[in-house]
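Work through these short exercises with the structure open beside you. Try each task before you read its solution.

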Amino acid sequence: MLRNILILVSLLVATVPATLHAARVSPMVVDVEPSGRASTARVTVTNPEQTPFPLEVRMFRGDISEDGELDLIPADEQFLVFPAQAVIAPNAQQVFRIQYVADPGLSKSEIYYMAVKQLPVAFQPGNPQVQIVANFNVLVNVVPGGTRADPVVEGIRPDTREEQPGVAFRIVNNGNRYFAAGSAQWTVSGTATDGSSVSLKFENGSMGNVLGFGVVSPGKARTFFIPTDKPLKAGTIELKFK
C-alpha cells in the first residue's frame, strides 16, 4: 500500500526571519508592554511558493531551564490573536495581530511564544508524496516600562562539547527585564594550554550565531558555551560583555 509521509520540523528562536520551503516568518522576536497601544505586535508570514499555506496560531508561556531546555505552557487566554487560523495564498502574505490581555500590572518581564503551526493538507488518493509541516516559534517578551536586565557572569571554566574546546559560563539575571545574551558584545580572552594567548571578539550581534538569542528571564540563570580554537587553561579565562 502506498502511503503519504508527514515530516514535522520545529524552528525555535532566531534573530533573523526563519525560512523553510513554503514560509517565511518575520520578525522572530517581538517586545510588547502589559497594557496600552504597545501591548500589540504584528507578525508577518509570507508564502513564496505556488501552493496554499494553511496554518494556525497558538500562544504559550515559555519556561527555559538553565541548560536551555524550553517548556511550553498553553497561554491562549492571555492573548488576543487575529486571525487564529488562515490559509495564505501562493505568493502572498498574512499579518497576524497579537495583543497581551492578561496582567497589566506586571513587575517584571515574562516570556511567551507565538507558535505558528502549518496544517497538513490532504493529498489526492494514490499519489504518494512527502509533506513537510513546519512550526515556527516567535519569541514574545511582555516587558513593563522601567524594567532593566542585570546580568552577572559567574562560573567560567574551560569545557569541551562534541570534541570542540571552549568556555562554559553561567549567567544570572538579577534584574526585572529579560537579558539577550546573543545580542550583547562579548570579549573572551585567556591563555591556551600550549601557552599562547587567545582573544576573541563578538560584535554587532555576531554572538547570536553562537548562542542564538540567548534569552535569560528575570531571576533565572542560563549556562552557555563558546567554542574556541584552542583549549584554555583554567584560571586564565576572562569574559566581558556590554
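Strands (E, at least two residues) are DSSP runs, numbered from the N terminus. The model is predicted, so local features need pLDDT of at least 70, side-chain atom pairs count only at pLDDT 80 or more, and totals for chains, interfaces and linings use all residues. Residues are numbered from 1 along each chain as its sequence is written, and side-chain values use heavy atoms, leaving out hydrogens and water.

**Exercise 1.** Place Glu110 in its strand, then decide: buried or exposed?

*Solution.*
- Step 1: Find the strand. Glu110 belongs to β11, residues 110–118.
- Step 2: Apply the cut-offs. Buried means under 20% relative accessible area, exposed over 50%, partly exposed in between (1.4 Å probe, protein chains only). Glu110 has 15% relative accessibility, so it counts as buried.
- Step 3: List its contacts (heavy atoms within 4.5 Å). Not counting residues up to four places away in sequence, Glu110 touches Arg61, Tyr100, Val140, Asn141 and Val142.

**Exercise 2.** Which strands stand at the edges of the sheet β13-β14-β19?

*Solution.*
- Step 1: Read the order. This open sheet has three strands, with antiparallel pairing. Two strands pair if DSSP finds at least two bridges between them.
- Step 2: Find the edges. β13 (151–161) and β19 (221–227) each have a single partner strand, so one side of each lacks a neighbour in the sheet.
- Step 3: Check one pair. Nine bridges join β13 to β14 (residues 164–173). Glu154 stands opposite Arg170 in β14.

Note on methods. Helix = DSSP H or I, 4+ residues; strand = E, 2+ residues; numbered from the N terminus.
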